[in-house]
Amino acid sequence: MSYIEFKNVVKRFGDNTVLDHIDFGIEKGDLVTLLGPSGCGKSTLLRCLSGLEQVSEGQIILNGRDITDVPASKRNIGMVFQQYSLFPNMTVEQNIAFGLKMQKVAPDVIEKKVAEAIAMVELTGKERSYPASLSGGQQQRAALARSIVTEPDVLLLDEPLSAIDAKLRRALQSRIREIQQELGLTTIFVTHDQDEAMVMSDVIQLFHAGRIEQAGSPVQVYTNPVSEFAASFIGSYNILRADEFRALTGEAADDGHVVAIRPETIGVSADPLADDAAYVVEATVVRNVPRGNVLRYTLEASGVEFRVDTLFRSFHLFDDGERVFVAIPKHDCLHIPVEAAFARTAA
Ligand code: ADP
Ligand code: MG
């Protein structure tokens, strides 16, 4: 039995089924990410687990105990939200101490635990500051400290970094992961950002319209998407219809399948490389766009446009309009079923 179990959880708001038979387990000490587009039910699932929302059907088990009808205050679950939820009229120290005071912990123990939590999130020196004088990142670290100081059984983080600048965000991703592993804290992290999910997670649960589309380690989900939705949400796959794949390679796609190809698996060169393990195709550069350390080409061949990512080494290799040769490794052409998920959301 897993540490947390969602058993066929259904949540409806009126006629709107927001969670449609969610059924999975989370192992103790894991960081599991709920990844999916806005509105797919991620926050609702967290709210059901924390007790802020009642499920319509199904059960939630925590550490062997059915908590489906246990009040929120008795679940021992910590939560951090996207919007900073610190008390504005309290200092950092007072905010972090608040939960411990509610638990009637002795003052000297509170002082020690608060100091440890502040050190852990690297806010030493800000103990007496009020939230308004802190940056977004500092406020989120204070909120994190406040939620871990009470030693919850489970930590829920609902898009805690989405309002924070890219650079600081990456630093906080690592810090949260380190703290989570240090404390062995079973954590559910919600994000709509695939890169964030890749960096943070032991397991990704990919959500789509109130259902789990795919679950697995970041590498599994990234390299082996089970559906068109998964391939379009993770890894920025080129998704070719059967006719496009045939035009490009001369080969048929599996019946009822599209073909998904990751941009970084395709090689580009000035000369045709003989390679039995790849489809070698002549193409034209439509455009090239530097994206940090990656240079992304859009190429065209036989009327089909597709993307190729290469490492950007201080200059770009090919100009727009230039003729090039691409090698598409055959084993990187993933034949995946045409989206059944769209049919089921329409139904
Ligand atoms: P996500 O966190 O993945 O963006 P949410 O769980 O917040 O998605 O919302 C999923 C769906 O449930 C949305 O369509 C949203 O409008 C709806 N929803 C969420 N909370 C309520 C509520 N309290 N009442 C009615 N509908 C809600
Ligand atoms: Mg949400």
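**View 1. The largest cavity has a volume of about 60 Å³.** The model shown is predicted. A search of the whole structure finds two cavities of 30 Å³ or more. This view takes the largest one.

**View 2. Nine names make up the wall: Val 80, Gln 140, Arg 141, Leu 144, Leu 157, Pro 160, Leu 161, Leu 172 and Ile 176 line the largest cavity.** Seven of these lining residues are nonpolar. One is polar and one is charged.

**View 3. Helices H4 (136–148) and H5 (166–183) each give at least two residues to the lining of the largest cavity.** Which helix supplies the largest share? H4 does, with three residues.

**View 4. The second largest cavity has a volume of about 40 Å³.** Its lining includes Leu 144, Ile 148, Leu 155 and Leu 157. Ile 176, Ile 179, Gln 180, Leu 185 and Thr 187 also line this cavity. How do the lining residues of the second largest cavity divide into nonpolar, polar and charged? Seven are nonpolar, two are polar and none is charged.

**View 5. H4, strand S7 (154–158) and H5 each supply at least two residues of the lining of the second largest cavity.** H5 provides the largest share here, three residues.

**View 6. Leu 144, Leu 157 and Ile 176 appear in both linings.** Look for these residues among those around the largest cavity. Then find them again in the lining of the second largest cavity. Helices H4 and H5 also contribute at least two residues each to the largest cavity and to the second largest.

Notes: Residues numbered from 1 in each chain as written. Chains lettered and ligands numbered in written order. Predicted model: local features only at pLDDT ≥ 70, side-chain atom pairs only at ≥ 80, totals over all residues. Heavy atoms only, no water. 1 Å grid on protein atoms, 1.4 Å probe; cavity = no way out; pocket = protein on both sides within 12 Å on 5 of 7 lines; lining within 4 Å. Points joined across faces, edges and corners; volume = space filled by probe spheres on them. Helix = DSSP H or I, 4+ residues; strand = E, 2+ residues; numbered from the N terminus. Nonpolar A, V, L, I, M, F, W, Y, C, P; charged D, E, K, R; others polar.
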